[in-house]
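Trainee: I have this one open in the viewer. Can we go through it together?

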Amino acid sequence: MARLLLLTNALAPSTEVLPALGLLGHAVRVLPAEPAVMVDAPEHDVLLVDARRELAQARALCRMIRATGTLAPLVAVLTEGGLAALTVEWEVDDALLDTAGPAEVEARVRLARGRAAARSEAVAAPEIEAGDIVIDEDAYSARLRGQQLDLTYKEFELLKYLVQHPGRAFTREQLLHEVWGHDYYGGTRTIDVHVRRLRAKLGQDHEVLIGTVRNVGYRFVPDAVEASVETAP
């Protein structure tokens with residue numbers, strides 16, 4: 001028996017969203033279709049998102065859930081017409097028609113759990129260390145001299161990318177492409193805003209770790225703190 005978490009704003013029971021659930025023995029918990037519920041969400045093996053209506057909102061919800069770093073398989077429940085809107089940008093692991101029969105739902109749940117188990121058994125990514133910064137990719141966390149930094153998802157991704165390439169200068173356009181992706185249409189000012197926030201969270205003594213390269217962009221300088229101490233009067 002799997003623990004299923006269904007996110008939906010439907011007032012009817014879970015069997016109205018996916019009728020086959022009523023014929024299976026899985027434990028189903030239902031919560032509102034809002035990203036905030038994931039903060040204290042009950043333990044679950046598979047996460048189902050009701051995407052039968054309001055496709056744009058469902059897509060945004062799936063992307064936000066994925067951005068939290070959840071490890072559970074993410075499955076969208078759609079109507080047959082809604083399948084036309086499903087793309088890789090939804091960032092879901094699988095999709096189910098709301099008319100799917102019990103055998104298909106059971107098989108999809110079993111496969112999703114199997115893939116998740118295989119991922120969890122894979123070798124954990126090693127921590128990335130550069131100067132006083134340690135990046136833990138698996139935990140989506142960054143530490144500065146042992147103290148965890150309170151970073152947003154994009155702040156973490158930007159810092160991780162810079163730390164992975166110490167000393168290398170990147171233009172704002174390169175960082176926007178590598179961290180935000182092809183489908184982001186915001187301006188390069190986004191990079192300046194996130195760098196400013198990162199520097200503030202690193203603190204006055206360590207903000208120099210992210211150096212500005214005039215007429216180019218930014219780079220990570222792991223020995224910048226030591227250099228600034230040596231040159232201090």
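Mentor: We will go through the overall make-up, the sheets, one helix residue, two loop residues and a pocket.

Trainee: What kind of model is it?

Mentor: It is a predicted model.

Trainee: How many helices and strands are in the protein chain?

Mentor: The protein chain has 7 helices and 12 strands. Its C-alpha trace spans about 75 × 35 × 25 Å along the principal axes.

Trainee: And what share of the residues is buried?

Mentor: Of the 233 residues in the protein chain, 39% are buried. As for contacts between residues at least 6 apart in sequence, 55% of them join residues at least 24 apart.

Trainee: Sheets next. What is the strand order in the open sheet of 5 strands?

Mentor: The order is 2-1-3-4-5, and the pairing is parallel. Strand 2 (27–31) and strand 5 are the edge strands, each pairing on one side only. On average, neighbouring strands of this sheet are turned by 25 degrees against each other, direction ignored.

Trainee: Over how many bridges do strand 1 and strand 3 pair?

Mentor: Strand 1 (residues 3–7) pairs with strand 3 (residues 46–50) over 4 bridges, in the parallel sense. Within that pair, Leu5 stands opposite Leu47. Strand 3 also pairs with strand 4, again parallel and over 4 bridges. There the bridge partner of Leu47 is Leu74.

Trainee: So Leu47 has a partner in each of those pairs. Is strand 4 buried or exposed?

Mentor: Buried: 5 of the 5 residues of strand 4 are below the cut-off, so the strand is largely enclosed by the rest of the structure.

Trainee: Which residues sit on each side of strand 4?

Mentor: Leu74, Ala76 and Leu78 are on one side, Val75 and Val77 on the other, and all are buried, so both faces are covered.

Trainee: Which strands does helix 2 lie across?

Mentor: Helix 2 lies across strand 1, strand 3 and strand 4. Its angle to strand 3 is about 155 degrees.

Trainee: I clicked on Cys62 in that helix. Is Cys62 buried or exposed?

Mentor: Cys62, which is in helix 2, is buried, with a relative accessible area of 0%. Leaving out residues up to four places away in sequence, Cys62 touches Val49, Leu74, Trp90 and Val92. Leu74 has come up already, as one of the buried residues of strand 4.

Trainee: Trp90 and Val92 are on that list. What separates the C-alpha atoms of Cys62 and Glu91?

Mentor: Those two C-alpha atoms are 6.7 Å from each other, while the residues are 29 apart along the chain.

Trainee: Where does Glu91 lie?

Mentor: Glu91 is in the loop between strand 4 (74–78) and strand 5 (94–97). Glu91 is partly exposed, at a relative accessible area of 33%. The backbone there deserves a look: phi of Glu91 is positive, about 60 degrees, although the residue is not a glycine.

Trainee: Why point that out?

Mentor: Because most residues other than glycine have a negative phi.

Trainee: Which other residue should I check for that?

Mentor: Arg145 has a positive phi of about 50 degrees and is not a glycine either. Arg145 is in the loop between strand 8 (141–144) and strand 9 (147–148). With a relative accessible area of 57%, Arg145 is exposed.

Trainee: Back to sheets. What is the order in the open sheet of 3 strands?

Mentor: It is 10-12-11, with antiparallel pairing. The edge strands, strand 10 (170–171) and strand 11 (210–213), each pair on one side only. Strand 10 is joined to strand 12 (residues 217–220) by 2 bridges, and Phe170 has Tyr218 as its bridge partner in strand 12.

Trainee: Which helix lies across strand 10, strand 11 and strand 12?

Mentor: Helix 4 (residues 153–164) does, running at about 70 degrees to strand 12.

Trainee: Last topic, pockets. What volume does the second largest pocket have?

Mentor: About 260 Å³. It is lined by 14 residues, and the closest to its centre are Asn9, Ala33, Asp50, Arg53 and Glu54.

Trainee: Which element gives the largest share of that lining?

Mentor: Helix 2 (residues 55–67), with 5 residues.

Trainee: And what is the lining by class?

Mentor: The lining of the second largest pocket has 7 nonpolar, 3 polar and 4 charged residues.

Technical notes. Residues numbered from 1 in each chain as written. Predicted model: local features only at pLDDT ≥ 70, side-chain atom pairs only at ≥ 80, totals over all residues. Heavy atoms only, no water. 1 Å grid on protein atoms, 1.4 Å probe; cavity = no way out; pocket = protein on both sides within 12 Å on 5 of 7 lines; lining within 4 Å. Points joined across faces, edges and corners; volume = space filled by probe spheres on them. Nonpolar A, V, L, I, M, F, W, Y, C, P; charged D, E, K, R; others polar. Buried < 20%, exposed > 50% of the residue type's maximum accessible area, 1.4 Å probe, protein only. Pairing = 2+ DSSP bridges. Contact = heavy atoms within 4.5 Å. Axes fitted to C-alpha atoms, helices over the stretch in contact; angles between N-to-C directions.
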